[in-house]
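User: Please take a close look at one part of this model, the open sheets and the helices that pack on them. Some context on the chain and on nearby strands would help.

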Amino acid sequence: MKSITLFSNKKDYKQAAKDIIEQAQARLDFKPNLALFYATLKYNGKYQSMLDIFHEEYGGIPQIGASVDGMIYPDDMRMDGAALVLCKDRDARICVDGVKGKGAIESAEKLAKRIKCEKGAVVLHFPLVHVPGALKSAEFYARGFYYSNLCKGASHGKQKEYAGRFADYCDRENIFYLQPTVLSIFAKQTGYKIPIIGINVLHTQVRFDTPHIFCNFEDIGGGIAALTTEKDGVNAVYDDIFPEKGKTVKETMDIVRKDFTVVKEFKAKFERNVLILLDDKPPIGAVKDFIGVSKQSQDDLIERMGNGNFQAQMPYMLVFFNKKTNGMIHTGVGAYYPFDLFPFFADISDYDEQVFLAYEFIDGKFGEFISSLRQIKHEDMFKFFSIDVGTTQAFGNKVFDYSDEITKLAKRNYFGIITASSSIYQPKNLKKRNYITEMENNIFYTAAGTNVCLEI
């Protein structure tokens with residue numbers, strides 16, 4: 001696959017879009033059959049207008065993309081602007097489709113039924129968490145308060161029932177696209193034969209009605225989109241920064257105790273993707289003395305999201321252990337909600353009740369955040385990859401060193417995005433090692449430290 005990346009960060013969105021088209025007119029020497037469009041929050045609220053301009057020029061070809069925190073390409077690494085990547089591949093059957101329906105899982109199921117792919121790979125774009133607008137956020141908070149209050153003093157069974165109702169609400173409103181549920185749906189539809197890559201989009205600075213998914217020159221907001229590339233020789237690589245898992249849950253717990261700094265171990269109560277209690281206390285109340293945060297008011301959270309200065313990345317994490325795969329998943333823990341229940345992005349029904357509060361797992365691992373690129377097989381193929389946005393906080397300005405390192409590894413003809421940690425369904429024969437991040441059979445993900453690379 002041939003590619004060319006065109007970038008602009010002009011202040012006005014129309015000027016930026018036209019600047020990109022003018023660059024293409026001057027530099028493009030092939031007829032593209034795929035467009036990728038990614039833009040930072042600089043153009044938040046103007047994405048559809050930019051897509052309309054691109055549609056006039058390239059509307060006859062499939063397009064996919066999202067709002068992200070940054071991008072890396074052969075000319076540069078940028079954290080503020082927009083990039084259009086035009087691609088051509090004569091040998092691939094390329095298709096983009098998307099759904100914005102009522103219910104995250106129902107949307108995934110509808111889209112999966114449309115996917116046909118015998119060889120190659122499918123790349124999904126969806127929000128890890130979609131933050132609704134101000135009114136819907138207020139409704140979300142009201143529901144959270146309601147079910148949190150019902151849980152107080154209720155029996156264990158009733159607590160699980162109320163938390164389950166809250167989980168249903170979060171799904172209906174497309175707030176969480178659950179891992180590994182989404183990947184499982186697409187893996188089943190494609191016969192468990194090909195890699196299904198999850199580009200899980202989330203911004204470090206959370207704002208209302210973000211992030212955005214783009215599909216065939218339409219901004220579908222909190223929907224889900226799929227890029228199908230059917231072709232021989234496609235190489236999908238997953239890797240992460242963690243050690244391998246143990247043969248039992250207890251062994252994996254010991255490995256985490258060695259690799260992480262474990263602050264406290266709790267006994268948890270949860271239902272699906274909603275954490276109810278840690279040692280019989282509300283989650284934030286149980287950890288506040290260790291991490292120095294406390295539950296915040298609804299007004300404060302709304303003001304911070306309205307101003308775009310609500311911080312999603314947190315240094316402390318809760319680590320959960322899967323009783324079926326012996327793997328683990330972690331999520332950042334902080335004052336995200338003004339209520340007691342703690343919903344997040346994964347169904348942990350098959351996980352152990354023992355949960356760790358931990359931090360610091362990145363020391364000496366700067367290079368491992370792009371480890372999938374070290375497994376590139378073909379210099380001339382197009383490399384599309386994702387880098388964990390958490391690196392921008394973990395390593396500060398040193399993160400710009402990735403630009404030179406990636407050029408050494410990928411040489412040319414590549415494009416990467418900086419967003420939330422990525423995920424994958426990887427057929428067993430393609431698995432490189434015994435990953436501790438195995439959430440379900442052959443499905444790999446955790447909230448930070450994962451990376452994927454697709455060679456086409």
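Analyst: What follows starts with the conventions, then goes through the sheets, a buried strand, the cysteines and the chain as a whole.

The model is predicted, so local features need pLDDT of at least 70 and side-chain atom pairs count only at pLDDT 80 or more, while totals for chains, interfaces and linings use all residues. Residues are numbered from 1 along each chain as its sequence is written, and side-chain values use heavy atoms, with hydrogens and water left out.

The mixed sheet is open and has 7 strands in the order E7-E13-E8-E9-E24-E26-E25. Strands (E, at least two residues) and helices (H or I, at least four) are DSSP runs numbered from the N terminus, and two strands pair if DSSP finds at least two bridges between them. Strand E7 (93–99) and strand E25 (438–440) are the edges; each has a single partner strand, so one side of each lacks a neighbour in the sheet. Inside the sheet, strand E8 (residues 121–127) runs antiparallel to strand E13 (residues 224–230), with 5 bridges between them. One of the residues in this pairing is Val 122, whose bridge partner in E13 is Thr 228. Helix H3 (residues 104–114) packs on this sheet and touches E7 and E13, its direction making about 155° with that of E7. Contact means heavy atoms within 4.5 Å; axes are lines fitted to C-alpha atoms, for helices over the stretch in contact, and angles between N-to-C directions run from 0 to 180 degrees. Helix H6 (residues 181–189) also packs on the sheet, touching E8, E9, E13, E24, E25 and E26, and its direction is at about 150° to that of E9.

The antiparallel sheet is open as well, with 6 strands in the order E19-E18-E21-E15-E16-E20. Its edges are strand E19 (328–332) and strand E20 (342–343), each with a single partner strand, so one side of each has no neighbour in the sheet. Strand E16 (residues 274–278) pairs with E20 in the antiparallel sense over 2 bridges, and Val 274 stands opposite Pro 343 in E20. Helix H5 (residues 156–172) lies across E15, E16 and E20 at about 145° to E16. Helix H8 (residues 283–291) lies across E15, E16, E18, E20 and E21, running at about 65° to E16.

Strand E23 (residues 414–419) has 6 of its 6 residues buried, so it is largely enclosed by the rest of the structure. Buried means under 20% relative accessible area, exposed over 50%, and partly exposed in between (1.4 Å probe, protein chains only). In a regular strand the side chains alternate between the two faces of the sheet. Tyr 414, Gly 416 and Ile 418 point one way from E23, and Phe 415, Ile 417 and Thr 419 point the other way. Strand E4 (residues 70–73) pairs with E23 in the antiparallel sense over 3 bridges, with Met 71 partnered by Ile 417. Strand E22 (residues 383–388) runs parallel to E23, joined by 6 bridges, and Asp 388 stands opposite Thr 419.

The whole structure has 0 disulfides, a disulfide being a pair of cysteine sulfur atoms within 2.5 Å. For Cys 95, the nearest cysteine sulfur is that of Cys 215, 8.8 Å away.

Overall, the chain comes to 11 helices and 27 strands, and 61% of its 456 residues count as buried.
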